[in-house]
Amino acid sequence: MELILPGIRADFALSERYAYRAESPLELPVHVLLGDGDEHVDLDRAAGWALECATPPQRHVFAGGHFFLTDHQSEILDPMRRIVASHTAVA
């Protein structure tokens, strides 16, 4: 508990104090990954990223709930490696 509790408290404090501020859209590619059965983040809510980006974000929907990452690691990591490599090469 000594190791975990400070992080949890910090997360709650950040959540309580957060206030959205509109700023310039992100000038970088954004990839939104989500599970089609996620009870916390639905497709409409994820679509909100479009408001924060200069170009439309790419949405990747996977079967599963909030922890879909666990079941789809290779499906997610392989494309992520390609995305990072392509943008690293450009930079």
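Me: What makes H72 count as buried?
Reply: Its relative accessibility is 12%, and buried means under 20% relative accessible area, with exposed over 50% and partly exposed in between (1.4 Å probe, protein chains only). H72 therefore counts as buried. This is a predicted model, in which local features need pLDDT of at least 70 and side-chain atom pairs count only at pLDDT 80 or more, while totals for chains, interfaces and linings use all residues. Residues are numbered from 1 along each chain as its sequence is written, and side-chain values use heavy atoms, leaving out hydrogens and water.

Me: Where is H72 found, and which residues does H72 touch?
Reply: H72 lies in the loop between α3 (68-71) and α4 (73-90); helices here are DSSP runs of H or I with at least four residues, numbered from the N terminus. Not counting residues up to four places away in sequence, H72 touches F62 and A63, contact being heavy atoms within 4.5 Å.

Me: Why are D78 and R81 said to meet in a salt bridge?
Reply: The term asks for a side-chain nitrogen of Lys or Arg within 4 Å of a carboxyl oxygen of Asp or Glu. For D78 and R81 the N to O value is 3.2 Å, so the pair fits the definition. The two are three residues apart in helix α4, which means about one helical turn between them. D78 is partly exposed at 37% relative accessibility, whereas R81 is exposed at 52%.

Me: How many salt bridges does a search of the whole structure find?
Reply: It finds two. E23 and R21 also form one, with their closest N and O atoms 3.4 Å apart. E23 is exposed at 55% relative accessibility, and R21 is exposed at 62%.

Me: How do you know that the span of α1 agrees with what is expected?
Reply: The expected span is 1.5 Å times one less than the number of residues. For the 13 residues of α1 that should be 18 Å, and the end C-alpha atoms are 18 Å apart, so the two agree. α1 is hardly covered, with one buried residue among its 13.

Me: What makes I4 exposed?
Reply: Its relative accessible area is 52%, which is why I4 counts as exposed. I4 is found in the segment before α1 (5-17).

Me: Which residues make up the largest nonpolar core?
Reply: There are five: V30, V32, L34, A46 and C53. The term covers buried Ala, Val, Leu, Ile, Met, Phe, Trp, Tyr and Cys residues joined through side-chain atoms within 4.5 Å. Leaving aside neighbours within four places in sequence, the contacts of V32 include A46, W49 and P57.
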